[in-house]
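Visitor: I am new to reading protein models. Please take me through one part closely, the contacts between side chains, and then show me what surrounds them.

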Amino acid sequence: MVPTEDQEQKAFVQWLRLKGYPHFRVPNETYTKSFKQKAKNKALGVSAGVPDLFVCVPHGEGYELVAVEMKRRKGGVVSAHQKEWLATLEQSNIKTTVACGCDEAMDFIERVKKNAT
């Protein structure tokens, strides 16, 4: 049985906490049937396609911000909005990845950290 995207992301977040990496998530997928709440969300900056997690990876005296879009190990699809955000972040010199599972996400963070030293 292939773990869900949520299960993979939870495992990755547990690893980030264990390693002490500062990270955050923007809950852009908050579902509502209320048109009033949808309008409020949009006015407050909710934007489809924002990556699932942003991680601060130790880099010299500070940190390097990177973005991780989580997917299942098998069957995950990157939406057009996600592709746009990933491209925009890359053009802004923010490293990004689409991680198919927790292991790929951890490997990405470790590679970023290794290349920072």
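Guide: Start with the salt bridges. This predicted model holds three of them. Take them one at a time.

One joins Arg-73 to Glu-8, and their closest N and O atoms are 2.7 Å apart. Look at where the two partners sit. Arg-73 is in the loop between β3 and α3, while Glu-8 belongs to helix α1, which covers residues 5–19. They are 65 residues apart, so this pair links distant parts of the chain. The two ends also differ in cover. Arg-73 is partly exposed, at 49% relative accessibility. Glu-8 is buried, with a relative accessible area of 3%; buried here means under 20%.

Another salt bridge brings together the side chains of Lys-95 and Glu-64, at 2.7 Å from N to O. This pair, too, links distant parts of the chain. Lys-95 stands in strand β4, residues 95–100, and Glu-64 in strand β3. The partners are 31 residues apart. Lys-95 is partly exposed, with 36% relative accessible area. Glu-64 counts as buried, at 14%.

Glu-69 and Lys-71 make a salt bridge as well, with 3.5 Å between the closest N and O atoms. Both of these residues are buried.

Now turn to the rings. The structure has three aromatic pairs. One of them is Phe-24 with Phe-54, and this pair is stacked. The ring centres lie 5.1 Å apart, with 10° between the planes. Phe-24 lies in strand β1, residues 23–24, and Phe-54 in strand β2, residues 53–59. The pair therefore ties together parts that are 30 residues apart in sequence. Phe-54 is buried, with a relative accessible area of 8%. Phe-24 is partly exposed, at 41%.

Stay with Phe-24 for a moment. Together with Val-26 and Leu-65, Phe-24 makes a nonpolar surface patch of about 220 Å². Residues in such a patch need over 30% relative accessible area. Leu-65 has 32% and is partly exposed. Find Leu-65 in strand β3, which spans residues 62–71.

There is also an aromatic cluster, made by Phe-12, Trp-15 and Tyr-21. Phe-12 leads us inside. The largest nonpolar core has 18 residues, and Phe-12 is among those with the most contacts inside it, along with Val-55, Val-68 and Ile-109. Four elements, α1, β2, β3 and α4, each supply at least two residues of this core. Helix α4 gives the largest share, six residues.

What does Phe-12 touch, leaving aside its neighbours within four places in sequence? The list includes Leu-53, Val-55, Val-68 and Met-70. Cys-102, Ala-105, Met-106 and Ile-109 are in contact with Phe-12 too.

Apart from that core lies another, of five residues. Among them are Val-50, Phe-54, Ala-67 and Leu-89. You have met Phe-54 already: this is the buried ring that stacks with Phe-24. Trace that path on the model. Leu-65 and Phe-24 share the surface patch, Phe-24 pairs with Phe-54, and Phe-54 belongs to the five-residue core.

Definitions and conventions: Residues numbered from 1 in each chain as written. Predicted model: local features only at pLDDT ≥ 70, side-chain atom pairs only at ≥ 80, totals over all residues. Heavy atoms only, no water. Patch = residues over 30% accessible without salt bridge, like charges linked within 9 Å, V, L, I, M, F, W, Y side chains within 5 Å. Areas by Shrake-Rupley, 256 points an atom, 1.4 Å probe, with all protein chains shown as cover. Salt bridge = Lys/Arg side-chain N within 4 Å of Asp/Glu carboxyl O. Buried < 20%, exposed > 50% of the residue type's maximum accessible area, 1.4 Å probe, protein only. Phe/Tyr/Trp six-rings, centres within 6.5 Å; stacked < 30°, edge-to-face > 60°. Core = buried A, V, L, I, M, F, W, Y, C linked by side-chain atoms within 4.5 Å. Contact = heavy atoms within 4.5 Å.
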